[in-house]
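Please read the following explanation with the sequence and the model side by side. It goes from single buried residues to the packing of helices.

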Amino acid sequence: MLVKQLIDGYNGEFADVDVSYITCDSRKVNNDTIFVCIDGAKIDGHNFAKAAYNDGAKIIVCQKDLGLDNQIIVEDTRKTFAKMSANYFGNPSKKLRLIGVTGTNGKTSVTYMLKSILEQAGHKVGVIGTIQNMIDNVVVESHNTTPGPYELNELFSKMVSAGCEFAVMEVSSHALDQNRVYGLDFEVAIFTNLTQDHLDYHKTMENYLLAKKKLFSMCKTAVINSSDEYAALLTEGLSCKVITYSDTNDSTYSAKGIKYRPDSVTFELVSDSSFDHITVRTGGKFTVFNSMAVAVAAIMLGIDTENIIDGLYNINGVKGRAEVVPTGRDFTVIIDYAHTPDGLKNILLTFKECEKNRLVILFGCGGDRDKTKRPIMGDIATRYADYAIVTSDNPRTEDPSSIIEDILEGTTNANIPVKVIENRVEAINFAIKNAMPGDIIVLAGKGHETYQILKEGTIHLDEREVVFEALKQLP
């Protein structure tokens, strides 16, 4: 492919140079490569340009003069690489109907619910997100919530080849801030909520919000949770069509007659012109909001009511999202990805109202991430649970005991027992061994993950396996 076909508007001296590969990873350079220098959060690709040049890169795309005889200087290499990636794969996103989902919590559940509805209506669907990517029903491993531009367009291309009509994708604040989705046109974009997370990266909630808001400058229709405290700021100045949903009357769509059960919710989805009965086989207030977002988005996409109702009813839950682990015992174990203050509060409130003995929460906080949320999560755990076990999550390069100390700062006024067991496997074993009849034990933070990231490296840790092994040790 010619350079002028890859870089929109470029007619310089290298316009007719033919290349076969593009990359921003200098380790992947060969003699037919364009290497794009990306200035990242930790590594600046410009520092590797000379190595890429020496390895035979035909063209170096950069943001500053590097003194190389094959360089092309552009204003923004991130945006340029995003457009180059789309051009390289023949702009596959233009052949798909794109739906983007952003928010602190709920993104994964929303994408899977929407996939279920669209498939119920007879469509082939691709999904891009945290747990895994899917091309129709073929699973592709996921390394980031939102992949980089090259990987993203490669996925779109495979979806088109597989006959997919829709691509439903989680769009993270990091991806938006880093222009990984630059140049995409979303038919519908969904906002679930905004609560404290990723402040190690964004520094302030305002920056976090502004990153999320970028998605709604790239869509035709915005579907917004108007119950969220940031909704008004998010919608301010948007030029796209805005549709709102909430559990109150002051929105385009509202939920009435909500009934919560441990394993399901039912409600009426109400607008000025419709009244539909919805049942979803997952408990919790967050399920009401997630399914409302999905139903409203599906309506905007032209999906009929019957398929929306059936699609929501037929989904059997998402791995690591309020996932019930079979125990064969007289207590219940739940695995959930809750790793933010709001996520932890939501999952605890979901099961607090259930008929039970004790609500036991086992959780930790990730290392090398926002430290300010740790005591907040400690406070939430001791406020809404009956027994708390504080342990490790993904400590990464931090000392696990230091992270736990930060969490415990929020438990100083606790009026429930707080047990500290640093090793997560040992903590789960303790929870199972000491479970009482009627207990609900929530393992929060890991969710779908089957690994734990330690200072020494990444190890295998699937909480389902740990629970099953612990159950075997019971009399």
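The paragraphs below take up two threonines, then one helix and its buried side, then a pair of helices. The model is predicted.

Begin with Thr33, which lies in strand β2, residues 33-36. Its relative accessibility is 0%, and Thr33 therefore counts as buried, the cut-off being under 20%. What surrounds Thr33, once neighbours within four places in sequence are left aside? Thr33 is in contact with Tyr21, Thr23, Lys28, Ala57, Lys58 and Ile59. Of these, Tyr21 sits 12 residues away along the chain, with 4.8 Å between its C-alpha atom and that of Thr33. The side chain of Thr33 also makes a polar contact of 2.9 Å with the side chain of Asn30.

The second threonine, Thr146, belongs to a loop, the one that runs between β8 (138-140) and α5 (149-161). Thr146 is buried as well, with a relative accessible area of 0%. Not counting residues up to four places away in sequence, Thr146 touches Met169, Glu170, Val171, Ser172, Ala175, Arg180 and Val181. With Ser172 there is a specific atom to look for: the side chain of Thr146 reaches the backbone nitrogen of Ser172 at 3.0 Å.

Next comes helix α11, residues 305-314, in which Asn307, Ile308, Gly311 and Leu312 are the buried residues. Where do they lie around the axis of α11? They cover an arc of only 125 degrees, so they are on the same side of the helix. The spacing fits a general rule: an α-helix has 3.6 residues a turn, so residues three or four places apart point the same way. The partners of the buried residues of α11 are α4 (107-120), β15 (275-280) and α10 (285-300), against which they pack. At the start of α11, a side-chain oxygen of Asp304 comes to within 3.2 Å of the backbone nitrogen of Glu306.

Last is the pair formed by α12 (residues 341-352) and α13 (residues 373-384). Their axes are 9 Å apart and make an angle of about 10 degrees. Angles under 35 degrees count as roughly parallel, and α12 and α13 are therefore roughly parallel to each other. From α12, the residues at the contact are Pro341, Leu344, Lys345, Leu348, Leu349 and Lys352. They meet Lys373, Ile376, Met377, Ile380, Ala381 and Tyr384 of α13. What kinds of residue make up the contact of α12 with α13? Nine are nonpolar and three are charged, with no polar residues.

Terms used. Residues are numbered from 1 along each chain as its sequence is written. This is a predicted model: local features need pLDDT of at least 70, side-chain atom pairs count only at pLDDT 80 or more; totals for chains, interfaces and linings use all residues. Side-chain values use heavy atoms; hydrogens and water are left out. Axes are lines fitted to C-alpha atoms, for helices over the stretch in contact, and angles run from 0 to 180 degrees between N-to-C directions. Helices (H or I, at least four residues) and strands (E, at least two) are DSSP runs, numbered from the N terminus. Angles under 35 degrees count as roughly parallel, over 145 as roughly antiparallel, 65 to 115 as roughly perpendicular and the rest as oblique. Contact means heavy atoms within 4.5 Å. Ala, Val, Leu, Ile, Met, Phe, Trp, Tyr, Cys and Pro count as nonpolar, Asp, Glu, Lys and Arg as charged, and the others, Gly among them, as polar. Buried means under 20% relative accessible area, exposed over 50%, partly exposed in between (1.4 Å probe, protein chains only). The arc is that of the directions from the helix axis to the C-beta atoms. A polar contact is a pair of N or O atoms within 3.5 Å; within protein, one must be able to donate a hydrogen and the other to accept it, and residues adjacent in sequence count only if both atoms are side-chain atoms.
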